[in-house]
Amino acid sequence: MDEEDPLDAQIAARQAKKKKKKKKPATADGENGGADDGENGEVRKKKKKKKKPKPEDDGGDGATSSSLLEERIKAKQDKANNGGGGTAVAGEGGGGKKKRKKKKKAPTTAAGSSREFNDNNEEEGGTAVAAVATAAVSTVESGGYNESDYNGPNYANDTMGDVEMIGNSTKSSKYNNDDDVIDLEQNIDDNDDGNNNIIPADTEIDNDAYCFEADTEIMAEIDQEGVVQIDEAGGIQAFVAETIAIEGDDVGIIRSDVEIEKEEKKKYTKYFCGAVALLVVVIVAVAVPLTLKYASGGQETRITVITYEPTDRPSGMPSLVPSSMPSSVRFTEIVKKLEPLSGSTLKVQGSPQYLAAMWMADEDPMRMDLDEAGFEQRYIMALFYYAMDGPNWTQDNGWLGGDSECFWFGIDGASDGCGGNKGGCIERDVFEGSFDQICNVGMGRLNNLYGSIPSEMGELTEMRWFEIQDDYLVGTIPDSLGKWTKLHTLLLGGNYLHGSFPETFADNEMLGTIFIDRNRFNGTFPKVLETLKNLEWLDAEDNKFVGGLPDGIGGLKSLRILNVNNNTMTGYLPDTWDETNLIEDFEVAHNKFKGPLPASLAKTKFLKDFRASHNQLTGELPLSYYKWENIEELYLDQNKLLGELPQTAEPFYDGLQELSIHDNDFEGRFPVENFHGTFRIKVLSLHRNQLTGTITPNICDRRDTSLAYTQLITLTADCDLIDCDCCTCYEGGELVKGTGR
């Protein structure tokens with residue numbers, strides 16, 4: 001080799017150190033077992049070690065150097081035949097084998113052999129056996145040993161390789177220095193045929209052959225209590241050191257298979273965790289944009305940066321006839337124009353205002369100029385479409401199309417929904433303006449509208465009719481709708497509106513019909529309604545209104561129908577009615593009204609339907625009520641009313657079709673004869689009272705199903721008090737099954 005090998009340098013350094021110590025040669029007589037200890041010359045006592053069991057074929061002193069050499073030669077041959085694998089050198093006490101990879105080429109020096117052996121062991125990942133830690137007996141015949149015999153180079157700490165123990169081919173020579181050992185190893189290597197097969201020398205192998213002796217300094221550095229074994233001859237048996245103090249810089253750590261396997265598992269675990277983390281990052285990076293894109297029902301919202309000044313200026317001359325302004329510039333101008341109407345919501349991406357402005361800027365086929373009359377009206381109707389979830393309507397004919405908004409479904413109605421020369425809800429000379437203004441929005445029932453009414457709708461000041469029923473309106477009625485001073489019909493029944501009725505409708509002289517039934521309006525009953533002088537029909541059924549009816553209700557002379565059934569209203573019924581009232585239908589059932597029935601109600605001339613069931617009303621039925629000439633339906637059941645019914649013929653009985661007075665405290669004889677002359681009676685519900693009498697066959701015959709429109713559908717009575725063969729009977733307040741027809 002051109003450069004000095006690190007192992008050779010280390011061996012040379014130890015040889016120089018050893019020569020300076022002037023070691024005393026070992027005596028031939030090994031029975032005393034004495035040895036000088038280093039430079040101090042003190043006699044070092046032999047430490048007793050636990051003996052290893054001897055093999056059956058090992059005869060103690062009969063283990064000759066010849067057999068040792070034969071084992072060594074056989075090991076090399078096996079290694080060559082098996083393609084690799086090392087042989088742990090065995091002393092007198094025995095030995096072991098460890099497989100290793102096949103050497104590429106047999107080295108010519110001990111250092112080279114040691115280095116290649118170490119490299120092969122590192123590749124296999126196994127645990128190398130420190131060859132120098134294996135020692136043979138000093139003298140087979142004498143059994144003694146000399147301390148200086150074990151002060152050789154510390155090959156055990158040399159991680160570059162191992163020095164194999166080799167038997168001597170001579171009979172009486174003893175090798176006490178490193179040079180002799182290296183010569184002997186060189187002799188063995190010279191007999192190698194190049195395929196790791198040892199060619200024995202012709203010299204006779206004697207039983208008195210000696211093996212390479214361990215360095216006592218090296219052995220002293222091995223901190224393995226109970227590992228080093230001394231045989232009977234005084235030699236050191238073979239062992240495997242678990243921990244070896246290593247000197248030198250150019251060393252490598254030899255790890256066990258278990259340690260290497262653990263390290264490999266840790267490495268693969270790190271790789272796996274890293275791969276999983278990377279996969280999660282990729283999934284998140286892909287999923288988040290897709291979720292944001294399709295979260296709103298699959299509708300893609302275009303993102304536009306709103307600025308009041310265009311970011312880019314045209315580089316050259318514009319085209320001769322530009323078709324329209326650039327979309328971003330047009331959108332900016334539309335936002336600027338409509339901002340006083342819709343405010344900052346125009347800049348909120350995804351809002352109905354934003355979507356409507358975008359449609360006006362980019363998609364409206366009409367491409368109206370911003371200063372054109374009717375521009376804001378068209379924007380408001382586009383806004384209404386987006387605010388009411390237009391894409392999911394049941395009917396949306398014409399909406400966001402190229403025609404005028406006056407012809408979109410719900411606006412045109414049966415004719416033109418805008419006033420104009422073509423006819424419609426209003427004539428041209430009725431309103432001010434130079435364009436056809438919307439005066440009717442009638443989306444009908446069950447058209448699947450969903451959302452809140454935009455406040456911008458209040459700008460359609462020519463509105464006469466507004467209808468959205470049995471859909472999914474939420475929120476409140478905007479105060480801005482109070483600007484509809486010409487509105488006469490407001491139909492919002494069957495939705496999910498809450499709050500109260502806007503005070504901005506006060507003193508509206510045109511508003512005649514209000515349907516706010518079947519919603520979730522709450523709070524006290526709106527007093528603003530008593531200011532509507534021309535109110536004819538008020539349906540506020542099925543809400544959550546509380547408090548009493550304002551007394552001013554009786555002052556609404558045009559009011560014909562008042563329905564506040566199924567609320568939680570309390571207090572007394574208004575008693576401010578007179579003969580000028582046009583009231584025909586007065587329904588206050590299923591509330592918590594208390595007190596007597598209003599006597600002034602008898603003054604009304606047109607009352608046909610009076611329903612006050614399921615309240616806490618008390619007292620007697622006013623005698624003045626029997627003077628009603630047009631009464632058809634009277635429901636007073638489930639109250640605390642009492643008294644007797646009049647026995648004489650009264651106008652009250654002539655037109656009565658439905659009489660329900662069950663679950664009260666009425667008493668006395670029921671005047672059944674007053675119903676003989678009428679074929680109009682359909683309901684007689686008399687049970688759970690104290691009424692007595694007999695239901696005649698004339699009445700029972702009315703229960704015939706073939707009578708159709710004149711059939712008596714319901715007839716109930718307390719059969720333990722009233723004799724009846726055709727009634728649905730109650731006894732003791734309980735229904736008797738199997739009765740009735």
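This short talk goes through the overall make-up of the protein and then two patches on its surface.

Please keep in mind that this is a predicted model, in which local features need pLDDT of at least 70 and side-chain atom pairs count only at pLDDT 80 or more, while totals for chains, interfaces and linings use all residues. Residues are numbered from 1 along each chain as its sequence is written, and side-chain values use heavy atoms, with hydrogens and water left out.

To begin with the whole, the protein has 11 helices and 30 strands, where helices (H or I, at least four residues) and strands (E, at least two) are DSSP runs numbered from the N terminus. Of its 741 residues, 46% are buried, a word that stands for under 20% relative accessible area, with exposed meaning over 50% and partly exposed in between (1.4 Å probe, protein chains only).

Turning to the surface, I have two patches, and patches here are made of residues with over 30% relative accessible area and no salt bridge (a side-chain nitrogen of Lys or Arg within 4 Å of a carboxyl oxygen of Asp or Glu); like charges are joined within 9 Å, and nonpolar side chains (Val, Leu, Ile, Met, Phe, Trp, Tyr) within 5 Å.

The nonpolar patch consists of F272, V276, V280, V284 and V288, which together have about 430 Å² of accessible area, computed by the Shrake-Rupley method with a 1.4 Å probe, where for residues only the protein chains shown count as cover. V288 lies in helix α6, residues 257-294, and counts as partly exposed because its relative accessibility is 43%.

The patch of negative charge brings together E620, E644, D665 and E667. E667 sits in strand β24, residues 665-669, and is partly exposed because its relative accessibility is 40%.

Note on methods. Lys and Arg count as positive and Asp and Glu as negative; His and the chain ends are not counted. The place of a charge is taken as NZ of Lys, CZ of Arg, CG of Asp or CD of Glu.
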